[in-house]
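Me: I would like to work through this structure one question at a time. Could you keep each answer reasoned, and explain each term when it comes up?

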Amino acid sequence: MKRHIWTQLIISFIFLVLLIVGLISLMTMSLVSDHFDKYVQKKHDTTLTAYKNELKVSYLINNGTWKPAKVKKIGVRALQDGLILVLKNTDNKIIWEPSQTLLHRATNTKNIDSMNKKNGAIKINSKKVALVQFSYNDALGYTRHDVAFINDLRISLAGISIFVFLVAIVIAIWIARDLSRPLRQIVSFTQAVASGDYRNQLPQQTQIVEVNALVNVTNELSRQLSKNQALRERLSSDIAHELRTPLTTIQGSLEAMIDGIWPIDEARLVSLNDEVIRLTHLINNIENIASIEHREDKLIKVDTDLSKLIQQVLNNFQSNLEEKRITLDYQTEKSSLQLTQIK
């Protein structure tokens with residue numbers, strides 16, 4: 001489907017912006033998610049280590065014994081963080097685990113069987129004194145604030161993308177209009193030139209080298225066409241004049257012979273034949289106008305009998321001279337002419 005250059009530029013620019021903004025948004029979100037996952041994972045591991053260290057401190061403070069009250073206090077805080085803590089001795093017997101009441105209060109610790117579990121050992125001087133098991137909802141341990149942060153980040157990226165897209169549309173329209181305006185002017189100008197109007201010239205009003213070059217070429221084309229048109233008009237005028245002269249001479253001489261003013265002799269017939277030959281040469285030259293425009297003809301000089309040429313011209317225009325009652329005498333040796341008009 002054919003489209004205007006203005007439309008094509010806008011569509012291309014918008015598509016390019018969508019592609020770039022989309023790729024940048026996807027890459028940004030992917031990188032942020034990856035780094036944030038690592039951050040959450042590290043924070044999760046740090047949290048589990050902190051609870052293990054707290055259990056170890058509680059064991060040491062109580063002279064190497066486990067106090068259920070102390071362990072319960074730690075376990076309740078773990079439930080608040082979304083962790084289910086189960087403490088066992090080295091024989092795998094349960095020292096402490098949360099009651100159903102505590103589990104019921106922890107709204108984020110449902111479906112324990114489907115939760116992720118991580119086991120660890122509590123060691124004192126490289127000696128294992130207990131086993132601890134942590135259960136949690138997801139592998140990374142996202143908290144409510146973590147999820148809110150990710151959602152806010154996605155909303156912000158979407159807002160920025162929409163804003164950039166709208167700005168890109170405005171810029172695309174401005175650039176497309178700036179590029180298409182001189183092209184539309186060139187189209188209108190060439191249409192005027194095609195109709196024969198060579199008077200105007202295109203102004204250079206852009207900062208684009210290629211467009212200015214196109215303007216220069218178009219203006220030069222218009223000037224050449226205008227010059228060629230002037231040459232054709234002058235050539236047509238010259239051809240008409242050159243054709244009219246021998247035809248007028250032939251017509252005047254024939255009328256004088258018909259009216260009996262001039263005798264029909266060989267000299268006058270030869271003069272008329274010369275005019276016909278000259279007229280034929282002119283017609284042949286008209287056929288060669290196209291080739292003459294594309295080459296430079298050389299001027300060939302030949303010797304000419306001036307006396308004979310003058311006599312031929314006088315014979316051709318004798319009827320006009322007699323009509324105006326003008327007598328013309330010439331002498332070639334003295335290179336002089338006498339012109340007498342009878343009143």
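Me: Is Glu 54 buried, partly exposed or exposed?
Reply: The class depends on relative accessible area: buried is under 20%, exposed is over 50% and partly exposed lies in between (1.4 Å probe, protein chains only). Because Glu 54 has a relative accessibility of 28%, it counts as partly exposed.

Me: Before we go on, from which pLDDT do side-chain atom pairs count?
Reply: Residues are numbered from 1 along each chain as its sequence is written, and side-chain values use heavy atoms, without hydrogens or water. This is a predicted model, where totals for chains, interfaces and linings use all residues, local features need pLDDT of at least 70, and side-chain atom pairs count only at pLDDT 80 or more.

Me: With which residue does Glu 54 form a salt bridge?
Reply: Side chains of opposite charge can pair when their charged atoms come close. A salt bridge here is a side-chain nitrogen of Lys or Arg within 4 Å of a carboxyl oxygen of Asp or Glu. Glu 54 fits this, with 1.9 Å between the closest N and O atoms of the pair, and the residue that joins it in the salt bridge is Arg 77.

Me: In which helix is Arg 77, the partner of Glu 54?
Reply: Helices (H or I, at least four residues) and strands (E, at least two) are DSSP runs, numbered from the N terminus. Glu 54 and Arg 77 are 23 residues apart and link distant parts of the chain. Arg 77 itself is partly exposed, with a relative accessible area of 31%. While Glu 54 is in helix H1, Arg 77 is in helix H2.

Me: How many salt bridges does a search of the whole structure find?
Reply: Besides Glu 54 with Arg 77, the salt bridges include one between the side chains of Asp 34 and Lys 38 (3.6 Å, N to O). Another joins Glu 220 and Arg 223, whose closest N and O atoms are 2.9 Å apart. Searching the whole structure gives a total of four.

Me: By about how much of a helix are Asp 34 and Lys 38 separated?
Reply: An α-helix has 3.6 residues a turn, so residues three or four places apart point the same way. Because Asp 34 and Lys 38 are four residues apart in helix H1, their separation is about one helical turn.

Me: Which residues does Val 71 touch, not counting those up to four places away in sequence?
Reply: Val 71, found in helix H2 (residues 68–80), is buried, because its relative accessible area is 1%. Its C-alpha atom is 7.7 Å from that of Ser 58, although the two residues are 13 residues apart along the chain. A touch means contact, that is, heavy atoms within 4.5 Å. By that rule, Val 71 touches Leu 55, Trp 66, Leu 87 and Trp 96.

Me: Within what arc do the buried residues of helix H6 fall?
Reply: The buried residues of H6 are Arg 268, Ser 271, Leu 272, Glu 275, Leu 279 and Leu 282. The arc is taken over the directions from the helix axis to the C-beta atoms. Seen down the axis of H6, the buried residues line one face of the helix, because they fall within an arc of 95°.

Me: Against which helices do those buried residues of H6 pack?
Reply: Ser 271 is one example of them: it counts as buried because its relative accessibility is 7%. Leaving aside neighbours within four places in sequence, Ser 271 is in contact with Gln 312, Asn 315 and Asn 316. On the other side of H6, Glu 266, Ala 267 and Glu 287 are exposed. The helices against which the buried residues of H6 pack are H5 (209–258), H8 (306–316) and H9 (318–323).
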